[in-house]
Amino acid sequence: MHSAIEANFDGLVGPTHNYSGLSFGNVASENNSANPSNPKAAAKQGLVKMKALADLGFVQGVLAPHERPHLPTLRALGFTGSDQQVLAQALKQAPKVLAAVSSASCMWTANAATVSPSADTLDGRVHFTPANLVNKFHRSIEHPVTGRILQATFPDPERFAHHAALPSVDHFGDEGAANHTRFCSDYGSQGVELFVYGMSAFNTSLPRPQRYPARHTLEASQAVARKHDLSPEHAVFVQQNPEAIDAGVFHNDVIAVGNGNVHFYHEKAFLDTAQMRADLLRSWGERDTPLHFVEVPDAVVSVSDCVQSYLFNSQLLSRANGDMTLIVPGEVQQNERVWSYLQELLAQNTPIQDVQVFDLKQSMSNGGGPACLRLRVALTPSELAAVNPATLMNEQLFDTLNQWVEKHYRDRLVEADLADPNLLQESRQALDELTQILQLGSLYDFQQI
Ligand SMILES: NCCC[C@H](NC(=O)CCC(=O)O)C(=O)O
């Protein structure tokens, strides 16, 4: 009976991947601002991870990138004339706005949406709410197209419920699954959904970060839990430690990861760790399997080591034998303290028994590790059968997408290139072809005309 699985849907890196320093509070984004990027390498690094997980026997899907630069947004901001004129004016008058509408940030699909599996929802459907990502302009323009891509990937309304994003205002700032984790005994049974928020919008007596923004509010998480019709006893709301946000932990998935019956997190991740444990244990209730807390002490791995290495921005995957594998970025191996901690962890008696390292440097340089690049969707066999099959990774799709990247992507981009009308053309042509490869229909604005 326990044959539900957890699929990972990774964002395919788009042709305009670049470093524009757009994310105040995200240390990597700020540090790499104006460095040249390599979109071709970025896309290939992502594909290698997807293929490796598919080869390990996990269900792996692909979510298409968005149309960038996004000309409709530039026109909404008052730039007029031909596409070429719009780009030239934007570069001259508002280069940061041009950079923002050119970002390939939709690759970080942990921020695409919050997903509640059918075992948790009242109507027995899988629920999706695209995140409004309102705290960063370049990300706030993602949700309409994200919603269309999710609908094209999970099309059956009998099984999948698609909600609109929350109101696009700071009070309901929503960063999606990067601040959401689900615990369960097996993927097909009632889970415990943990929502982690950076601050309360309306209760100003709760602490807030002082230096960097809290992107995600309690009120947003509560709204998503209501929309997904989760039972209140299985939804837990926990505040992130404001000091962690101020140290560069802009999403909770930079300092904690959960899967199955394991919560792997840093001592300083939450405002009140004891409360987090108590609330999760109460919600978990009496089950055959215990809930494991694997807490990493600050004295062993500091918050700044977490931010630098992205130890916790890993994928924690359940293997068939019940053990778990941790998928980490190369930066974890390069940090001596973090790497030696991991060796100790593997020797301990926890479900985490294996580590695999991936080179994701192109994405990491913008603050996106393995976990940022994937949206988890737990699916029953009949739900999996209803997923658009053209989006699922296999040998053939891997070859097709590598050839597609090879054909359309540049291997170097700097800010001035974003106004190049050829880049716009190349990107549109690439995406037009991609909608056919992934059988998504006409979902981009440029395809509507
Ligand atoms: N979950 C990881 C998200 C990383 C993303 N970085 C960016 O958008 C950086 C883009 C730039 O600076 O060019 C963010 O901060 O939301």
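In what order do the 3 strands of the open sheet with mixed pairing lie? In this predicted model, the order is β12-β13-β14. The strands at the edges, each pairing on one side only, are β12 (315–318) and β14 (352–358). On average, and with direction ignored, neighbouring strands of this sheet are turned by 25° against each other.

The pairing of β13 (residues 324–329) with β14 is parallel and extends over 6 bridges. Within this pairing, Thr-325 has Asp-354 of β14 as its bridge partner. Helix α13 (residues 336–347) packs on the sheet, where it touches β13 and β14. The direction of α13 makes about 145° with that of β14.

**Annotated active site**

An unreviewed UniProt entry carries the annotation "active site" for Glu-175, His-251 and Cys-372. These residues are spread over 198 residues of sequence, yet they cluster in space, with a largest C-alpha distance of 11.1 Å.

Glu-175 is located in the loop between β5 (160–162) and β6 (180–183). Its relative accessible area is 1%, so Glu-175 counts as buried, the cut-off being under 20%. Beyond its neighbours within four places in sequence, Glu-175 is in contact with residues including Ala-110, Asn-111, Arg-215, His-216 and His-251; the last of these also belongs to the annotated set. The side chains of Glu-175 and Arg-215 are joined by a polar contact of 3.3 Å.

Cys-372 lies in the loop between α14 (361–364) and β15 (374–379). With a relative accessible area of 2%, Cys-372 is likewise buried. When residues up to four places away in sequence are not counted, Cys-372 touches Met-107, Trp-108, Thr-109, Ala-110, Asp-253, Tyr-310, Asn-313 and Gly-367. Ala-110 therefore appears among the contacts of both Glu-175 and Cys-372, given that contact means heavy atoms within 4.5 Å.

**Ligand surroundings**

The ligand is surrounded by 19 residues, of which the closest are Leu-22, Ser-23, Ser-29, His-138 and Arg-215. Arg-215 is also the residue whose side chain makes the polar contact with that of Glu-175. Distances from oxygen atoms of the ligand to polar protein atoms are listed below.

| Residue | Protein atom | Distance to a ligand oxygen atom |
|---|---|---|
| Gly-21 | polar backbone atom | 3.1 Å |
| Leu-22 | polar backbone atom | 2.7 Å |
| His-138 | N or O atom in the side chain | 2.7 Å |

The entries for Gly-21 and Leu-22 involve the backbone, whereas that for His-138 involves the side chain.

Conventions. Residues are numbered from 1 along each chain as its sequence is written. This is a predicted model: local features need pLDDT of at least 70, side-chain atom pairs count only at pLDDT 80 or more; totals for chains, interfaces and linings use all residues. Side-chain values use heavy atoms; hydrogens and water are left out. Two strands pair if DSSP finds at least two bridges between them. Helices (H or I, at least four residues) and strands (E, at least two) are DSSP runs, numbered from the N terminus. Axes are lines fitted to C-alpha atoms, for helices over the stretch in contact, and angles run from 0 to 180 degrees between N-to-C directions. UniProt positions are given in the numbering used here, feature names are shortened, and annotations may be inferred rather than shown by experiment. Buried means under 20% relative accessible area, exposed over 50%, partly exposed in between (1.4 Å probe, protein chains only). A polar contact is a pair of N or O atoms within 3.5 Å; within protein, one must be able to donate a hydrogen and the other to accept it, and residues adjacent in sequence count only if both atoms are side-chain atoms. A residue is near a molecule or strand if one of its heavy atoms lies within 4 Å of it.
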